[in-house]
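Work through the two exercises below with the model open. Try each task before reading its solution.

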Amino acid sequence: MNRKPAQETGNKLWCVGCMVITVVLFFTVSAQAMSGRDVYEKVHQVRSRMLDRKTEASMALFDKGGGKRTRTLTEYSKKADPEAYKVLVVFNSPPDLKGVGFLMYAHTFADRDLWAYFPEYRRIRRIPVTSQDDSFFGSDFSYDDFGGPPNLDDYKFSILREDNFDGKPCYVVEVTPKIRRKYTRYVAWVAKDLWIHLKIDYYQDKEIYRAGVFRNIRIVDGIATPFKLDMENRKTGHRTELTVESIKYHTNFPDELFTQRSLERGGR
Amino acid sequence: MIEIRNAGKKYLQGAREVHALRNVSLRIKSGEFLSIMGPSGSGKSTLLNLIGGLDQPTSGEIFMDGRPLHGISDDELTLIRRRRVGFIFQFFNLLPILTAVENVCLPLLLEGIPFTRIKPKAVLLLEQMGLGERTEHRPEQLSGGEMQRVAIARALITEPAVLLADEPTGNLDSHTSEEIFLLLSNLNEKGQTIVMVTHDSKAAAYGTRVITLKDGALAEDVSLGGAPS
Amino acid sequence: MSIANLLRHISSKHVRFQKAQTFMSIAGICLGVAAIVSIGIVNKSILRSFEDSFINSTGRAALQVTGAQSGFPEAILEKVQTVPGVEYAVPVVETDGLLSKGKERSMMILGVDVLVDSQVRSYSLAEEDADIPDPLLFLAKPDSILVTRTMADREGIKIDQKIAVETVQGTREFRVRGILNPEGPAKVMGGNLALMDIYAAQLAFGKEGRIDRVDVSLLRGEKLETVKQRIEAALPAGYTVETPIGRTRQIESMLSNFQTGLDLVSFFAIIVGMYLIYNAVSISIVRRRKEIGILRALGATRGQVMRLFLGETLFISIIASALGVGLGILFAESIVGILGKIISQMYVRTAVTGISITWQYPVLGIVCGVVASLAAAVLPVLAGSRISPVSAIRSVPWSEEGFLTGRRLNTASATCILLAAAVFCLYRYADWTPLFRSTSFLFSSQLFLLLGMSLFMPTFLKGFISLFHRLPLLRHNSMGMLAGLNLRKNLNRNAVAVAAIFFGISVFVNSAGYVHSSKESVMTWLDAVVRADIIVSDGHPSSSTNAQTVPMPLDMWQDIEKVPGVLSADPWRKLYMDYNGNRVLLSIIDMVRRAEYSHFMVTKGDEKKLLGQLARRDNVVVSEPFASRFRVGPGDTITLPTPTGLVRFGVSAVVVDYLYDNGTVYLDLDTFQRHWGDKLADQFSVRVKPGENIVQVRDAIQKKLGGNRKLFVLPVQEFKDEIRKTMDQTFIFNYALSVVTMAIACFGIIVTLLASVLERTREIGILRSIGMLRRQVSGVVVLESILMGIAGGILGCLAGIVTGWINLEGAFRANYSSAAEYFIPYGSILWALIMSAGLSALAGIYPARRAAKTDVVEALTYE
């Protein structure tokens, strides 16, 4: 009977040790593994910082016959609240489109109002909410693409794998909307550490109907920005290339810039 | 088998009333070959028409095998006529659009019997008339005598109780006429009752009895063989 | 079974050997059935195309809101949108467009809010459903237009190409910025559709701030009736909230008159077919009389004989009806396009592209064909079955007996005529119900009269013949006597042939009288009221009531007045509207300026005070048809729907207006603009300075203003001539009808005489044997036909005079109280008599020849 107490203590220690190691390992590992949602929390953060900006860009539209149309535009964006933001887009060329513009108020990330203005009619027209997945004025981007960050609660996220794209390591995340959208889900390549999209594939059921690629990433004002955005509609064979000519962040635009009056005046 | 009692027939011609037949009484026995003679307008044809059920008397009664031919509906008269009487006319009265064999089949076609069932019998009759080669010919392709023989075959196909002939040889030459009379005579010898209207006494000689009409009434009734009846 | 026997052996041979006769019978019924089937199909297809149009163009819209014809304010849209239960309320501008050139120029132009419209309509302007390379450009430019693929292919239009379209501002060029695939609305109007953004359409067609329609889709779970009532409550009075099917029903009732007219034509065609069958069967019976006798002698019952002939008719009618159905379908395909155009012009825009064949019409056609044939054949067949075998074999001349005795016919005739008189009196005096005041009521009175008189025909014929026999010049002429006697022998049968002539002549004289009398009145009125020198119009003046013109801007009058030589130019605008379920015309005139040179023809009301009451005030003047139809007079008020709601207008006077039977309301321009806000004009009345050459001024106007738009600039005389021509055209239909009837009647004469000649073979033989010449034989027959023609002609003229009077007193006077004197058209009557005698003489030639050809010997031995 004298040996048992020592052995007992030894065993107890060993068990505790194992438990501790297991617990420590668990926390370490879990501290490193990210969920899809986590990734997008980061994306959301980065995007929110991009909300105050001015962009000059040119957009080229290619139809399936190879015909090309170009237009240039200026985009103003302002963060209005922790949750809200406003965007004003004005076209500068070609002459037929000069002065055509689009104004968006996002009251929350889920609740947005959109208006469009056409100078030859001198009318402001409202764009109904459900059209946000439709093409932004004939390009292959949707109104949504031009807006700010999405509301995280509207989606489910899951990481499919890790991958490399354009020489950068990425998380490949599958994002499924909770409410009905034009796409059933999309798969995004999110660059690690930069937390911006490099590539997105939009699915309708099993097929990719829209695919976007974002290249030429530069750091401007401390924010990683793609300077070349390509979006292709596989269903129609149509393609849009958006090229950023210049971009400035941390702008501080007045609220008056984002009114209907301003829309009519083309942002002046 | 045919009994006529005080039969009379009158009709209107414009505004005038004509008495074609007055008060004729007559009995015809089965197997007789009766000739009806008399001047024109004496009512011979009218009497024949009454006997054959082509017409109904305006007064008096007519019976055939006990069945009345007077006071019955047109349909009933027609049926009796169809089944129990055979007609032979002076002008043949064949349907020009039908072939000989079709003409012969006609009375039975009216009964609703299919042509294919009647045809063999008709062909047989035509052969008996010596017209076996002519069954598919139409009347325009036949001579007078041939036409009349077709008519006789037609009259016989229903196996009638009585055969009526109205001046059957009026349109035929003497040679052919003789042939026809012989034919009729043969039929009578086999038992066919025949009533014939004629103005030719030679024709009457083929029969067994002669009656003469005058002004719509019976004038004479003679059994051939000699004694008046 | 026996009938099958008889049909197989006897009838089939007749059909083979009497090809001409069989053909005639088949043709008659075939045409009648073709008419029924084609008209039925066309009517149905027209309605179906409306339904389809509505369904296709309305998509998910459960309800549609419409208002006054020239559009209502956009603000209404918001009112509808906020009604609980409404999911989407999308605005629509709908207008007619005319391509400046092309194979098929007219089209419907839809202006929709392309950003929201796809919520309701079943197409999408994005991606697959349409080919629009640059939607942004489409939205940004007011000259953007989309056309359907059908139209693009047909006219050879490509994307980015310009097309020229007639608009209110004149000819405008639009750029085709996309092509719609044939789906949903693009199928409407047979693909003759163009789509514009609603604001672009408003600009181009003078409808700024106004829309024509709001299409509403409902939230799920909402009840149609409830939301409908809510919308109605939310809107001012004068707006209609209807389901698309409801609108189809409206169109249907509008078209019902037109369709009834078509139905009458098919009815007429069947009557003609029956007439032909009647004749064919009659003559067949006559020809085969001996055969019938033999069959009866051999023991065919009357029933068997009847069934034989009816069976033949049945067989022929089934074949003819089947052919008629096929012909009818072909026919429908060829006329449906034309009828669609007519309806577009007269009533409401439509394009019928194809025919929809349902099984009902072919079946109906066959049933009608068979029943009509049998009905037509019954009488002659009945007569045929009564042929006694004795008379048939002996060729005893057969005179018609039957239950159609003279006395019975005369009683029936008198009853019909009395009925006609009663109906007319009801129409004239018992005018409290619309039932008695309808045109069909009046028409039925005329029909009864004609029927009554035709039933009287045998008696009339008899009397006519007796009269003829008493003519002194006949004392030495036996041919006349014979002709009369022959006709008398078959009075009923001949009366039918004469009745056909009677009918044709009466229609002829009727129209002549009516046209003559009414035209005078109309032209007199026109001269009094239309006092301008030149009319400037956007459409052809003869189409002044049609729906397909593009109006001009109101202010154009100023441009016209600047043309040298012009004294003044004042505008005229027309608008159709529904008033108490009828389509009435709103005629808008600048009363003050018009009064300077032209006046209304006032029948009720104070003419002197008129201008004061009308100018700029809410008073109107109504036309006589309007006044009598809706029972209003000076001092009454009427309520008209305007874009802003219902407005009451006082009736100041009742005036004469012959141009629009449904009723016209005259309104001052200023008042109209106050309530309707429409700044358009359809015509300008131009006065020329005294001494100026009208033609020169006209050319100047055309040159100055006709450059960028289609204009019709007419000296007023030409304008009036156009109206006169239009009036004549509407009566040409009647003339054509009577000529056709006469032709058919002649045919009837030929057949009837042929039958009669065949029956008389023996008699002709006897006449020839005693020395009658061939030409005398034919002379008798021709004389018979001339007598028939003249008898029909005389009675027809009489009937025509009376029915013309009925039309005038009835239809005309009911609408226009001003006396339209009835001019008996003596000239036409003379012409009618000549025509009837002449045509029937011609008809008699063939039977006469047949009669003359009779071989004497054959005829005498014929038994």
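The exercises treat a predicted model, beginning with an interface and ending with a single chain.

**Exercise 1. Describe the interface of chain C and chain A.**

*Solution.*

Step 1: count residues. Chain C brings 24 residues into contact with 23 residues of chain A.

Step 2: get the area. The size of an interface is often given as the accessible area lost when the parts come together. Here chain C and chain A bury about 2,200 Å² between them. Carbon and sulfur atoms give 54% of that area.

Step 3: look for charge pairs. There are five salt bridges between chain C and chain A. Take the pair C:Asp197 and A:Arg125: the N to O distance is 2.3 Å, and the salt-bridge rule asks for within 4 Å.

Step 4: add polar contacts. Five residue pairs across the interface qualify, both residues being at pLDDT 80 or more.

Step 5: assign the chain C side to elements. Two or more residues come from each of α4 (135-140) and α6 (198-204) of chain C. The largest share, five residues, belongs to α4(C).

Step 6: sort that side by residue class. It holds 14 nonpolar, two polar and eight charged residues.

**Exercise 2. Profile chain A: what are its helix and strand counts, its buried share and its exposed area?**

*Solution.*

Step 1: list the elements. Chain A has four helices and 13 strands.

Step 2: assess burial. Of the 268 residues in chain A, 48% are buried, the cut-off being under 20% relative accessible area.

Step 3: check contact range. Among chain A contacts with a separation of 6 or more, 45% join residues 24 or more positions apart.

Step 4: read the surface. Chain A exposes about 14,000 Å². Carbon and sulfur atoms supply 52% of this exposed area.

Conventions:
Residues are numbered from 1 along each chain as its sequence is written. Chains are lettered from A and ligands numbered from 1 in the order in which they are written. This is a predicted model: local features need pLDDT of at least 70, side-chain atom pairs count only at pLDDT 80 or more; totals for chains, interfaces and linings use all residues. Side-chain values use heavy atoms; hydrogens and water are left out. Contact means heavy atoms within 4.5 Å. Buried area is the accessible area (1.4 Å probe) that two parts lose on being put together, summed over both. A salt bridge is a side-chain nitrogen of Lys or Arg within 4 Å of a carboxyl oxygen of Asp or Glu. A polar contact is a pair of N or O atoms within 3.5 Å; within protein, one must be able to donate a hydrogen and the other to accept it, and residues adjacent in sequence count only if both atoms are side-chain atoms. Ala, Val, Leu, Ile, Met, Phe, Trp, Tyr, Cys and Pro count as nonpolar, Asp, Glu, Lys and Arg as charged, and the others, Gly among them, as polar. Buried means under 20% relative accessible area, exposed over 50%, partly exposed in between (1.4 Å probe, protein chains only). Accessible areas come from the Shrake-Rupley method with a 1.4 Å probe; for residues, only the protein chains shown count as cover.
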